[in-house]
Each structure stands twice: as C-alpha cells, then as structure tokens.
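The following exercises are to be worked with the sequence and the structure at hand. Each task is followed by a solution in steps.

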Amino acid sequence: MSNIEDIRRFYARLMAANAASSDPRLEEVFASVPREAFLGPGPWTVIAGNAKITTPSAEPAHIYQNVLVTLDAEKGINNGEPFLHAMWIGKLAPRPGEAVTHIGAGSGYYTALLATLVSPGGTVAAFELDDQMAELARRNLEAYGNATVVHGDAVTSPLPPSDIIYVNAGVVAPPAGWLRALRPGGRMIFPWRPAESIPFAVMVTHREKGFACHPFMRSWFIPCVGASAIPPAAKIPTREEATRSRSVWLIEDRQPDSTATAILGEVWFSSDPVHAGDNG
C-alpha cells in the first residue's frame, strides 16, 4: 500500500519546481488539495500523447504525476496538465484577499488550488458551461467556502470585478468584458488561438495606462464556446506577429494603428508595450 501523503508531497515539490515560483505556498496547496477528490471514482483514464491508458487500480498514487486525466472523453474534457497549471498559477501569483474568476472550471481541481491561495479573504467565481461538469464542481468544492460555481456562459455573462481571471478554454481573443472586469493591477492568463497554427498562452496585466500582454508559451485547450470564431474583418496575426504582441487594447479606448499585430472584434493587439503616456 502506498503512502499517499509522501506521494502527494513529492508531486507538490515537482509542481513547485516546474513553476519556478518564489511563493512557498504553491507547493503547500498542491500537497494539501487531493487531486483524486476531483476526478470521480477510479480506475482513471490518463492521456499519454495520442494514447489513452487506464490506471491499474483506483489507487490515487497513479494520478500524482504530470498526466492528463479524462473527465468526459466524448466531449474532450480532461483535468488538465498539472505542470502547465502550476506554471500558470505561479505566474499569476495569487495573494490572500484577491478576487479570482475561473473560466472553464471543469470539475474544480484548479479552482480549489486558487481558492486556497487567495484565502483568507479572497474569493473564486468559477464559471462552467457544461451542466454535468458544473454540478460535479459544485459538489467537489463544497468544502471550499470561498469558491462559488456559476453554471453559465462567461462570454455573455458579466464577470465580477477581478484581480485574476484564469481562462481554461481557447479563445480567438479575450472578450472585451473580460478586460473590463480586470481591476487595476489585475492579471489574466488565457489560451490564445487566433489561428490553427498559433496556440499561445498569454499573460495580460492591467497597467495604469493600458493592458500589457506577454505570449509566453505554447498551449492548447478545447475551444471556448462563443469566443472561438473569427470575427468579421479580422486581422489574423502570423505566428511571428502573435509572438511580438506586447499590449492589448479595447477599440473603444484606442483605435488600431500601424503597430497592430491582430485586430479581432472589439479588441486588438499591438507590438508596442504599454507606455506611460498611453490612454487606456
């Protein structure tokens, strides 16, 4: 019989090391939040490349490694790659007291990590469009009193004012409402997929005079319903243009100019960083 506490602790050390975060709490939350509690009863199906492998038993030790775990094979929903999420959460650096909006919460595992990191005083509003996933997340998160599951569409619904927006579904561009919901100093990470060949993770930070952005790694998530279609009259970036994007703007605040790397509906991306004199 495995010592699950030792296994969970080693898994947490791996997650924290991969994230390269200076916050020691990141390791603590990966050690304290039981992943198996969010996956349904085992044995589980894990994804390795293009293959799907069933764990030998329902022993939790099998899922404390960097593997995707299937939640709904028919819909392509999985629990996500822990290394990626550890890196993203470490980059966002959640602090106690902050308000988080989690878009595409799935069964709630990463919601629980975020809820723990913003305690005490912080909250997480977890949006999940799939009705079965939303109900599963609601049950799984009952022990986390500062997390609320919203069964609804985060694209068409107004988001609460947020210090962090954590997006786990691919978008052609972040809806204007998401940018408006970010408080000053707020951070958003989202999977940007303006074209099939451009799957980037992008970090956006609400500066005093605009929204700084940084495409920092490759990523792929299932498409976000309502935000994955190319808008009319769009300027689709090349891979090189997407990589050079350093700020994102609401067209209502600033019209696209010669620095535009992408123009996508109500928002556009620029190769210029946010400057002190920018209006935003």
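**Exercise 1. Determine how many residues lie between β3 and β4 in their hairpin, and which residue in the turn has a positive phi.**

Step 1. In this predicted model, the hairpin of β3 and β4 has four residues between its strands. The residue with a positive phi in the turn is G76, at about 75°.

Step 2. Strand β3 covers residues 68-72 and pairs with β4 in the antiparallel sense over two bridges. D72 has I77 of β4 as its bridge partner, and T70 stands opposite N78 in β4.

Step 3. Burial can be added to this picture: four of the five residues of β3 are buried, and the strand is mostly covered.

**Exercise 2. State the order of the strands in the open sheet of four strands, and explain why β2 and β4 each have one side without a neighbour in the sheet.**

Step 1. The order is β2-β1-β3-β4, and the pairing is antiparallel.

Step 2. β2 (51-54) and β4 (77-78) stand at the edges; each has a single partner strand, so one side of each has no neighbour in the sheet.

Step 3. Within the sheet, strand β1 (residues 45-48) runs antiparallel to β3, and two bridges join them. Here I47 stands opposite L68 in β3.

Step 4. A general principle applies: strands of a sheet pair through backbone hydrogen bonds, in either a parallel or an antiparallel manner.

**Exercise 3. Describe how β6 pairs with β5 and with β7, and give the handedness of the crossovers.**

Step 1. Strand β5 (residues 99-103) pairs with β6 in the parallel sense over five bridges. In this pair, V100 stands opposite V124 in β6.

Step 2. Between these two strands the chain passes through α4, and the resulting β-α-β crossover is right-handed.

Step 3. On going to strand β7 (residues 147-151), five bridges are again found, and β6 and β7 run parallel. Together with helix α5 (residues 131-140), these strands make a right-handed β-α-β unit.

Step 4. Five of the six residues of β6 are buried, so this strand is largely enclosed by the rest of the structure.

**Exercise 4. Is E128 buried or exposed, and what is the nearest side chain of opposite charge?**

Step 1. Locate the residue: E128 lies in strand β6 (residues 123-128), and its bridge partner in β7 is H151.

Step 2. E128 is buried. The nearest side chain of opposite charge is that of K75, 8.0 Å away. A salt bridge requires a distance within 4 Å, and E128 has none.

Step 3. Consider next the backbone. The E128 side chain reaches the backbone nitrogen of G106 at 2.7 Å and that of D130 at 3.0 Å.

Step 4. Beyond four places in sequence, the residues that E128 touches include G104, A105, M133, A134 and V150.

**Exercise 5. Explain why α3 is described as largely enclosed, and identify the buried residues of α2.**

Step 1. Eight of the 11 residues of α3 are buried, so this helix is largely enclosed by the rest of the structure. Among the buried residues are L84, H85, W88, I89 and L92.

Step 2. α3 is followed by A93, which has a positive phi near 50°.

Step 3. In helix α2 (residues 25-32), the buried residues are L26, V29, F30 and A31. Their cover includes α1 (4-19), α3 (82-92) and α4 (109-117).

Step 4. A general rule assists in reading such lists: an α-helix has 3.6 residues a turn, so residues three or four places apart point the same way.

Key: Residues are numbered from 1 along each chain as its sequence is written. This is a predicted model: local features need pLDDT of at least 70, side-chain atom pairs count only at pLDDT 80 or more; totals for chains, interfaces and linings use all residues. Side-chain values use heavy atoms; hydrogens and water are left out. Buried means under 20% relative accessible area, exposed over 50%, partly exposed in between (1.4 Å probe, protein chains only). Contact means heavy atoms within 4.5 Å. Lys and Arg count as positive and Asp and Glu as negative; His and the chain ends are not counted. A polar contact is a pair of N or O atoms within 3.5 Å; within protein, one must be able to donate a hydrogen and the other to accept it, and residues adjacent in sequence count only if both atoms are side-chain atoms. Two strands pair if DSSP finds at least two bridges between them. A crossover is right-handed if, with the strands pointing away from the viewer, the path from the first strand over the helix to the second runs clockwise.
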